[in-house]
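Q: I have a structure to read and would like to go through it feature by feature. Where should I begin?

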Amino acid sequence: INCDVLITDIQGIVAGTSAASRLGTLHEPALQAIASGQPVETGAEDARSVKGGAPGVTAPIQSMNGQTVGAMAILGAPEKVRLFTVIVRQQIETLLRERELYAYSVNRESTLQNLIQDIGSFVPGVSSETLLLSRAQEYGYDRSWHYIPIAVDLYQFGRFALQVREQMRGQSENAETRILNVKKAVLASIRKIFSEPRDLSAMLGNNRFVILFAAAKQENAHAVESEMIAAAQSRAQKILGELKALELKAAIGIGSPASGMYELAGSYQEAWKALFIGKKFKQQ
C-alpha cells in the first residue's frame with residue numbers, strides 16, 4: 001500500500017520500522033494508544049502538534065496474557081490505512097504470541113527435566129518432599145497412584161549424529177538442528193505411548209529419556225502388581241517399535257512399582273541400573 005509501518009516499545013520509542021530515519025525516535029500517538037488501549041487516528045492537522053507525529057493510525061499491541069507491550073502504526077491518511085492497521089496488528093500479535101508460547105514450552109520442558117532428576121535423587125531428610133510433591137503435581141503427578149520409572153538410552157546415537165554431521169559438512173548449525181529434531185521426535189513418540197495426564201516423561205542429557213508411568217491406583221496395587229509390570233514392558237516394546245520406524249535403537253530399563261517419593265527415587269535408580277547392566281551383558 002506504499003505506506004510505512006512503525007512498531008514501538010511501551011515507552012513509544014520506535015523499535016522497528018520500514019522508515020529507517022524513524023528508528024529510535026518517539027512516536028507520541030503510540031503513548032496515547034498504549035494509555036487508552038484503543039487505536040488512535042492522527043489526521044494531517046493533528047500530526048503537526050505531536051512529537052514524531054505523522055498522519056496515520058496507531059494501535060496498541062498486546063501479549064499472550066493481554067498485557068499491552070507496545071504499539072504499531074501505519075502512516076498515511078487514516079481513511080486509507082484504517083483497515084490495514086487491523087490486519088497488520090493481528091499479524092504482529094500472532095507472531096509475538098508464537099514466540100511467547102515457544103519460550104513457555106522450552107521453559108516447561110527444562111523445568112520438567114529438573115523435576116524428574118530431583119525425584120530420582122530424592123533423599124528423605126535432605127530434600128523437601130512437600131515441595132517436590134507440589135512441583136510434581138503441577139505436571140499431573142498423582143500421589144494416590146503407583147508409578148513405574150522407565151529409562152530409555154538411545155543405542156549408538158553418537159554414531160547416528162556423526163553420520164548426520166558428515167552428510168551436512170559445512171552446515172553445522174543445520175546438522176545440530178536436525179539431530180535435535182530427531183530427539184524431539186523420539187520424545188513425541190514416547191508421549192504418544194504414555195499419553196495419560198498422570199504420566200510424566202522428559203528428555204535428559206546424553207541421548208537419554210525417562211518416563212514415570214502411572215501404572216495403577218495404590219489401593220489396587222497388590223492385586224495387579226504383575227499386570228502393572230506387564231503393562232510397562234508392553235509399552236517399552238512399543239517404544240522400540242516407534243524407534244525402529246525412526247531407524248534408531250535403544251536400551252530400556254524398567255523399575256519396580258513405587259508409591260511416594262522415597263520409593264519412586266529408589267525405583268528410578270533401579271531402572272537405570274537395570275538398563276546399564278543389561279547393556280553390559282549384551283555387549284559380552
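The dialogue below takes up the overall form, a hairpin, one loop residue and a pocket.

Q: What kind of model is this, and how many helices and strands does the chain have?
A: This is a predicted model. The chain has eight helices and nine strands.

Q: How does the radius of gyration of the chain stand against that of a compact globule of 284 residues?
A: Set the value of the chain beside the value for the globule. The globule would come out near 19 Å, whereas the chain has 27 Å. The box gives another view: along the principal axes, the C-alpha atoms fill roughly 85 × 50 × 30 Å.

Q: What share of the residues counts as buried?
A: Buried here means under 20% relative accessible area. By that cut-off, 39% of the 284 residues are buried.

Q: What percentage of the contacts joins residues 24 or more positions apart?
A: Take the contacts with a separation of 6 or more; residues 24 or more positions apart account for 58% of these.

Q: How do strands β1 and β2 run, and how many bridges join them?
A: For a strand pair, look at the direction and then at the bridges. Strand β1 covers residues 5-8 and strand β2 residues 14-17; they run antiparallel, with three bridges between them. Thr8 has Val14 of β2 opposite.

Q: Which residue in this hairpin takes a positive phi?
A: Look between the strands, where the hairpin has five residues. Gly12 takes a positive phi, near 85 degrees.

Q: Where does Asp142 lie, and which residues does it touch?
A: Place the residue among the elements, then list its contacts. Asp142 is in the loop that lies between α4 (129-137) and β6 (145-155). Leaving out residues up to four places away in sequence, Asp142 touches Tyr147 and Arg198.

Q: How far apart are Asp142 and Asp46 in sequence and in space?
A: The two are separated by 96 residues in sequence and by 61 Å from C-alpha to C-alpha.

Q: How is empty space found, and what volume has the largest pocket?
A: A probe the size of a water molecule, rolled over the atoms, shows where empty space is left. In this structure the largest pocket has a volume of about 370 Å³.

Q: Which residues and elements line the largest pocket?
A: The lining has 13 residues; Ser105, Val106, Glu109, Lys184 and Met203 lie nearest the centre of the pocket. At least two lining residues come from each of α3 (78-120), α6 (172-193) and β7 (200-203). With six residues, α3 gives the most. By type, the lining divides into seven nonpolar, three polar and three charged residues.

Technical notes
Residues are numbered from 1 along each chain as its sequence is written. This is a predicted model: local features need pLDDT of at least 70, side-chain atom pairs count only at pLDDT 80 or more; totals for chains, interfaces and linings use all residues. Side-chain values use heavy atoms; hydrogens and water are left out. Two strands pair if DSSP finds at least two bridges between them. Helices (H or I, at least four residues) and strands (E, at least two) are DSSP runs, numbered from the N terminus. Contact means heavy atoms within 4.5 Å. On a 1 Å grid over the protein atoms alone, a cavity is a set of points where a 1.4 Å probe fits but cannot get out, and a pocket is an open set with protein on both sides within 12 Å along at least five of seven lines; lining residues have an atom within 4 Å of a point. Grid points are joined across faces, edges and corners, and a volume is the space filled by probe spheres set on the points. Ala, Val, Leu, Ile, Met, Phe, Trp, Tyr, Cys and Pro count as nonpolar, Asp, Glu, Lys and Arg as charged, and the others, Gly among them, as polar. The radius of gyration is taken over C-alpha atoms; the globule rule is 2.2 Å times the number of residues to the power 0.38. Buried means under 20% relative accessible area, exposed over 50%, partly exposed in between (1.4 Å probe, protein chains only).
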